[in-house]
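Hello,

Here is the structure I promised to hand over. Please have a look at it before reading my notes underneath.

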Amino acid sequence: MSNDKSSLRPVRFGVIGTGGMGGRHARNLTNEVAAAQVVALADVDEARLQAVAAACGAAHTFADAAELIRHPDVEAVLVAAPDRFHAALTAACIEAGKPVLCEKPLALSAAEALRIVEAEVAGGRRLVQVGLMREYDPAHLRVKQIMDSGALGKALAFHGTHINGGTLSWRTVEDVVTNSAVHDLHSARWLMGDEIVRVFASYVPYSADRPDTARLMLIQLQFRGGAVGRIECNMEAGYGYEVDVKLTGERGSAETNSLRSAVVRHQNQRGQWVEEDWLQRFDTAYIDEVRAWIRSVQLGVADGPSAWDGFASMLVADACIASARSGQPVDVAMPEMADIYRRA
Ligand SMILES: NC(=O)c1ccc[n+]([C@@H]2O[C@H](COP(=O)([O-])OP(=O)(O)OC[C@H]3O[C@@H](n4cnc5c(N)ncnc54)[C@H](O)[C@@H]3O)[C@@H](O)[C@H]2O)c1
């Protein structure tokens with residue numbers, strides 16, 4: 001384990017939602033980031049709340065997230081409550097003037113996300129980072145670096161695969177797009193360095209009499225600069241979890257490889273462990289994400305995926321849902337980005 005030995009003073013922050021993701025973030029911040037101090041937690045589930053509080057040594061626990069945001073000991077907030085609460089909690093953090101790392105998606109629709117962007121722009125500075133953490137995955141970063149270097153020429157195509165082992169309940173088209181594919185839509189925008197202007201989404205429902213559900217979705221993309229793309233989002237592959245991208249350039253291609261474990265040859269078989277879930281596949285990315293966030297809070301300069309990225313990915317997500325419903329390609333009208341979101 002490596003720790004961030006920052007000379008700047010520690011950041012006291014609170015985590016809202018202490019389930020799978022919030023619990024992981026709270027533990028990562030406690031164990032992996034010396035510059036972070038978990039002082040408060042909020043959850044409506046008292047047992048989870050107390051278990052994570054004991055593991056992190058958090059002094060304050062709340063059933064009401066608004067109390068955590070208001071508390072004077074809390075300098076910054078990490079939101080890991082369910083998706084439907086993200087927009088309101090992030091808006092409350094902006095109103096309180098506190099930096100916030102909000103798990104994806106920023107909101108459940110582009111209209112809701114735009115209100116966050118407008119509130120942040122009105123305040124004149126970035127306070128929001130969105131948990132689109134593939135930007136911190138070493139393999140994704142390597143692909144980004146090689147494409148941005150120009151060595152492979154102009155990017156011509158984006159290929160993304162997002163394979164989930166299985167799910168406890170059937171998921172709706174809306175949920176698959178806003179909760180899962182939103183990661184892939186952001187990866188496409190970020191890695192291609194271009195905006196998506198048109199989508200065509202088709203899907204296979206869990207059963208023919210439940211067309212509101214999507215077991216597997218294919219999304220075709222058209223980028224502003226002329227490149228094309230394709231995302232496969234499989235909710236129930238039945239064997240494990242894999243997320244990969246491949247970018248095809250004019251002079252070569254770059255791709256990630258989710259199969260990170262040892263290759264074993266035994267009894268006429270060649271095998272490799274497939275990760276169980278996102279917590280395994282992106283273990284390093286989650287640590288690097290919160291470490292970078294705490295550093296940005298210390299420096300008072302937000303970076304990483306922004307509220308604008310959260311909004312833009314939701315705008316494309318809304319178009320994917322409309323396309324899946326209508327069976328037609330749908331255009332995406334991306335507005336001009338406000339200056340506070342321009343990255344160095
Ligand atoms: N970035 C990623 O890779 C990634 C991966 C998984 C989940 N997520 C996101 O993280 C968030 C949490 O997902 P999860 O898998 O941890 O879910 P979870 O169900 O395990 O945890 C959610 C927690 O929030 C609590 N909660 C519910 N309502 C609340 C409220 N009003 N105030 C405070 N707490 C409340 C629940 O009791 C639960 O403990 C979701 O938004 C999800 O989309 C992101």
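A residue counts as near the ligand if its C-beta atom, placed from the backbone, lies within 6 Å of it. Keep in mind that this is a predicted model.

Ligand shell. On that cut-off, 24 residues surround the ligand. The closest are Gly-17, Gly-19, Met-21, Asp-45 and Glu-103. By class, the shell splits into 11 nonpolar, seven polar and six charged residues. Helix α1 (residues 20-32) gives the most to it, with three residues.

Sheet. Seven strands form an open sheet with mixed pairing. Their order is β12-β11-β7-β10-β9-β8-β15. The edges are β12 (252-255) and β15 (330-331), each with a single partner strand, so one side of each has no neighbour in the sheet. Strands β9 (residues 216-223) and β10 (residues 228-234) run antiparallel and are joined by seven bridges. Gln-220 stands opposite Arg-230 in β10.

Helices on the sheet. α7 lies across β7, β8, β9, β10 and β11, at about 145° to β7. α10 lies across β8, β9 and β15, at about 45° to β8.

Helix pair. Helix α7 (residues 173-192) packs against helix α10 (residues 307-326) at an angle of about 125°, with the axes 8 Å apart. That angle makes α7 oblique to α10. Their crossing is right-handed. Among the contact residues are Val-177, Ala-181 and Leu-185 of α7, and Ala-312, Val-316 and Cys-320 of α10. The contact residues divide into 11 nonpolar, three polar and three charged.

Best regards

Conventions. Residues numbered from 1 in each chain as written. Predicted model: local features only at pLDDT ≥ 70, side-chain atom pairs only at ≥ 80, totals over all residues. Axes fitted to C-alpha atoms, helices over the stretch in contact; angles between N-to-C directions. Helix = DSSP H or I, 4+ residues; strand = E, 2+ residues; numbered from the N terminus. Parallel < 35°, antiparallel > 145°, perpendicular 65-115°, else oblique. Left-handed = near helix turned anticlockwise from the far one by under 90°. Contact = placed C-beta atoms within 7 Å. Nonpolar A, V, L, I, M, F, W, Y, C, P; charged D, E, K, R; others polar. Pairing = 2+ DSSP bridges.
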